[in-house]
Amino acid sequence: MDQLTGLYNHGYFKELLEGLVKEQKGEKMSLAMIDIDDFNKYNGYFGHLQGDELLKCFGLVLKEGCSGSKYTLAQYGGEEFTILMPNTTENDAFQFVDGLRKKMNDTYFKGVEILPHGRLSFSAGIIYKEGMIDSSSELLGQADRALYYAKAQGKNKIHLYDEKDVVQKNSMKKKKSSCLSSKLGFFSQRILIITRTANLC
């Protein structure tokens with residue numbers, strides 16, 4: 001269990017998902033990856049202690065929303081959460097997660113007025129599979145790509161992963177390019193610092 005939120009943690013969720021993939025029977029399965037919008041901004045403004053309280057509140061709202069279902073909710077890491085929804089179609093998964101999104105929008109938490117949407121919100125990516133699944137990492141990767149696309153569309157949105165979606169693929173290419181540029185910028189700064197230090201010596 002995650003000690004902060006009381007939800008299943010990353011390790012448990014990965015183990016559960018890998019077990020389901022190994023024992024799969026070709027049933028329907030949906031997986032949602034959820035990320036709190038602009039959490040770093042909130043955390044930076046109010047501090048880590050208040051940020052932790054926000055994570056607790058967020059986890060509680062998700063937990064209440066999932067209660068009564070056979071879904072598995074977990075804190076995947078930091079401000080990311082996952083929901084595993086067996087025997088659930090993509091439309092049903094979308095409607096369920098969208099209901100959670102609306103509930104989150106209506107939940108007040110201290111200081112959320114500073115956020116761009118002026119309220120608590122999240123973005124989510126959903127992957128739906130029917131039939132055999134190659135690996136759990138592939139499933140998680142596709143959900144993550146759908147999540148990134150939802151973020152890129154302005155946040156507080158949900159996106160269903162689509163292998164044939166050209167716009168979604170182009171968005172992911174921009175993400176990879178942005179990550180590469182950030183890494184190159186970081187290494188350039190390191191080289192510049194080292195060069196300056198060498199000149200001082």
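What follows is a working chat about a predicted model.

Student: What should I know about numbering and cut-offs before we start?
Tutor: Residues are numbered from 1 along each chain as its sequence is written. The model is predicted, so local features need pLDDT of at least 70 and side-chain atom pairs count only at pLDDT 80 or more, while totals for chains, interfaces and linings use all residues; side-chain values use heavy atoms, with hydrogens and water left out.

Student: How many helices and strands does the protein have?
Tutor: Six helices and five strands. Helices (H or I, at least four residues) and strands (E, at least two) are DSSP runs, numbered from the N terminus. Along the sequence the pattern reads α-β-α-α-β-β-α-β-α-β-α.

Student: What share of the residues is buried?
Tutor: 41% of the 201 residues. Buried means under 20% relative accessible area, exposed over 50%, partly exposed in between (1.4 Å probe, protein chains only).

Student: And how much contact is long-range in sequence? I mean 24 or more positions apart.
Tutor: Such residues account for 70% of the contacts with a separation of 6 or more. Contact means heavy atoms within 4.5 Å.

Student: Let's take helix α3. How far does it reach?
Tutor: Helix α3 covers residues 48–66, 19 in number. It reaches 27 Å from first C-alpha to last, close to the 27 Å expected at 1.5 Å a residue. The expected span is 1.5 Å times one less than the number of residues.

Student: Which residues of α3 are buried?
Tutor: Among them are L54, L55, F58, V61 and L62. Both G51 and G59 are buried too.

Student: What covers them?
Tutor: The cover includes β1 (28–36), α2, β2 (72–77), β3 (80–86), α4 (90–105) and β4 (122–130).

Student: What comes just after α3?
Tutor: G68, with a positive phi of about 90°.

Student: Switching to salt bridges. How many are there?
Tutor: Seven. A salt bridge is a side-chain nitrogen of Lys or Arg within 4 Å of a carboxyl oxygen of Asp or Glu.

Student: Which residues does K151 link up with?
Tutor: D35, D37 and K151 are linked in a network of salt bridges. K151 meets D35 at 2.8 Å, N to O. K151 lies in helix α5 (residues 136–152) and D35 in strand β1, so this pair ties together parts 116 residues apart in sequence. The D37 and K151 side chains also meet at 2.8 Å, N to O. D37 sits in the loop between β1 and α2, 114 residues from K151.

Student: Is that network buried or exposed?
Tutor: K151 and D35 are both buried. D37 is buried as well, at 2% relative accessible area. K151 has 19%.

Student: Where does E64 pair up?
Tutor: E64 bridges to K103, with the closest N and O atoms 3.9 Å apart. That links helix α3 to helix α4, 39 residues apart. E64 is partly exposed at 43%, and K103 is partly exposed at 34%.

Student: Now the rings. How many aromatic pairs?
Tutor: Eight. Rings of Phe, Tyr and Trp (its six-membered ring) pair if their centres lie within 6.5 Å; planes under 30 degrees apart count as stacked, over 60 as edge-to-face and the rest as tilted. Y8 and Y12 are stacked, 4.2 Å centre to centre with 20° between the planes. Y42 and F46 are tilted, at 4.7 Å and 40°.

Student: Where do Y42 and F46 sit?
Tutor: Both lie in helix α2 (residues 39–46), four residues apart, about one turn of the helix. An α-helix has 3.6 residues a turn, so residues three or four places apart point the same way. Y42 is buried at 0%; F46 is partly exposed at 29%. Together with Y45 and F109, Y42 and F46 form one aromatic cluster.
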